[in-house]
Amino acid sequence: VFAETLSSVMSISFSPDGSLLAICDLDVKLCLWRVADGQPVLTLQGHDGWIWAIAFSPDGKMLASCSRDFLIRLWDVQSLDDFEPSSPANQTEASDSSHLLGACLNTLRGHTHRVRAIAFAPQRCVNSPNGQLLASGSDDQTIRLWNVQDCTCLVVLQGHTGGVTSVRFSPDGQVLASASEDASIRLWSVATEPSSNPCRDIAVG
Amino acid sequence: VRTVTFSPDGHTLANGSDDQTIRFWDVRDGTCQKILQGHTSRACCVQFSPIDVSLPSGTGPLLISGSQDETINLWNPATGECLKTLRADRLYEGMNIQGTTGLTTAQKSSLKALGAIEY
């Protein structure tokens, strides 16, 4: 049980080793909790609208969040390994003087509407050495593939005729599945070269 | 369609939808394999368990779904059977308002929506 009242929780994500739980709620902030004792570890602020989804990178060093403010933010959570949260006071201190802890590493700009979903490619994905490939789905009806190492948008996948509500990589990272408000699911071949992402459509009706 | 997720073996895609169903799709040919029914509102999130559990039909992952009907369902993906429904207690869960006086019909309805019972 976590000792803080939350407003409507939008998304949660465990770190790959299961030690941290990230929670984002309608308060436009992102909170990291230590699973073992339910202690707050860190609060990340920066988005200018509801955070729809959060995801840890496969190596657990980075946290990605996407928001109604059209942006995706990448947060440094690597330094948390050395961080010892002993009291809630620590949390305030950390977010006030966050020169290291929870620094926003970068902002990915490109979507022209709310960003609803994000997913990191699995570490063993051939197209994503080091698990540095991120997919995002937006109400602008597109999916973007990003290289989070240099923060470039590699590909814009177009085809959905409604907002994209969910994106997910297959375990081998070869296929990206997307769900949309146009009542379809699309399966995309994952390639980081433009115009080489053939797609199959599954209509749901 | 609200959400999609791959099975751990990557062969099956599960989706949750505004039509209250969860569907399984064959990733290779795109055919619908199963339709799981049980939720009474949109299915917002679906996820396979990362570890295999022992099921009557053999060992395999569970499918877990969350819905706007305020429940979480655990499913056997092999049979499409709902194994368990989880629901957090509401504010007035189980409070019996049978025989109470001074409550309007509207107030009783509100209490019942928050878990009160009347019998």
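## Exercises on a predicted two-chain model

At a relative accessibility of 33%, Gln20(B) counts as partly exposed, and the exercises below, which rest on a predicted model, begin from this residue.

**Exercise 1.** Determine where Gln20(B) lies in chain B, and decide whether its phi is positive or negative.

*Solution.* Begin with the position: Gln20(B) belongs to the loop that runs between strand E2 (12-16) and strand E3 (22-26) of chain B. Turn next to the backbone, where the phi of Gln20(B) is positive, about 75°, although the residue is not a glycine. Finally, place the accessibility on its scale: partly exposed covers the range between under 20%, which is buried, and over 50%, which is exposed, so the 33% of Gln20(B) makes it partly exposed.

**Exercise 2.** Carry out the corresponding analysis for Phe70(A), asking which strands flank its loop and whether the residue is buried, partly exposed or exposed.

*Solution.* The loop that holds Phe70(A) connects strand E6 (62-67) with strand E7 (72-76) of chain A. Its phi is near 75°, again a positive value in a residue other than glycine. The relative accessible area of Phe70(A) is 35%, and therefore it is partly exposed.

**Exercise 3.** Describe the open sheet of four strands in chain A, giving the strand order and the edge strands.

*Solution.* First write down the order, which is E1-E2-E3-E4 in chain A, with antiparallel pairing. The edges are strand E1 (9-14) and strand E4 (40-45) of chain A, each of which pairs on one side only. From one strand to the next the twist averages 20°. Then examine one pairing in detail: E1(A) and strand E2 (residues 20-25) of chain A are joined in the antiparallel sense over five bridges, and Ser11(A) stands opposite Cys24(A) in E2(A).

**Exercise 4.** Characterise the interface between chain B and chain A by its contacts, its buried area and its polar pairs.

*Solution.* Start with the contacts, in which 20 residues of chain B meet 21 residues of chain A. The area buried between the two chains is about 1,500 Å², and carbon and sulfur atoms give 62% of it. On the side of chain B, Val1(B), Val4(B) and Phe6(B) lose the most area to chain A, together 42% of what that side buries. Now consider the polar part: five residue pairs are in polar contact between the chains, and the count of salt bridges is one, formed by the side chains of Glu181(A) and Arg2(B) at 3.7 Å, N to O. As a last step, assign the chain B side to its elements: those giving two or more residues are strand E1 (3-6), E2, E3 and strand E5 (43-48) of chain B, and E1(B) gives the most, with four residues.

Key:
Residues are numbered from 1 along each chain as its sequence is written. Chains are lettered from A and ligands numbered from 1 in the order in which they are written. This is a predicted model: local features need pLDDT of at least 70, side-chain atom pairs count only at pLDDT 80 or more; totals for chains, interfaces and linings use all residues. Side-chain values use heavy atoms; hydrogens and water are left out. Two strands pair if DSSP finds at least two bridges between them. Axes are lines fitted to C-alpha atoms, for helices over the stretch in contact, and angles run from 0 to 180 degrees between N-to-C directions. Buried means under 20% relative accessible area, exposed over 50%, partly exposed in between (1.4 Å probe, protein chains only). Contact means heavy atoms within 4.5 Å. Buried area is the accessible area (1.4 Å probe) that two parts lose on being put together, summed over both. A salt bridge is a side-chain nitrogen of Lys or Arg within 4 Å of a carboxyl oxygen of Asp or Glu. A polar contact is a pair of N or O atoms within 3.5 Å; within protein, one must be able to donate a hydrogen and the other to accept it, and residues adjacent in sequence count only if both atoms are side-chain atoms.
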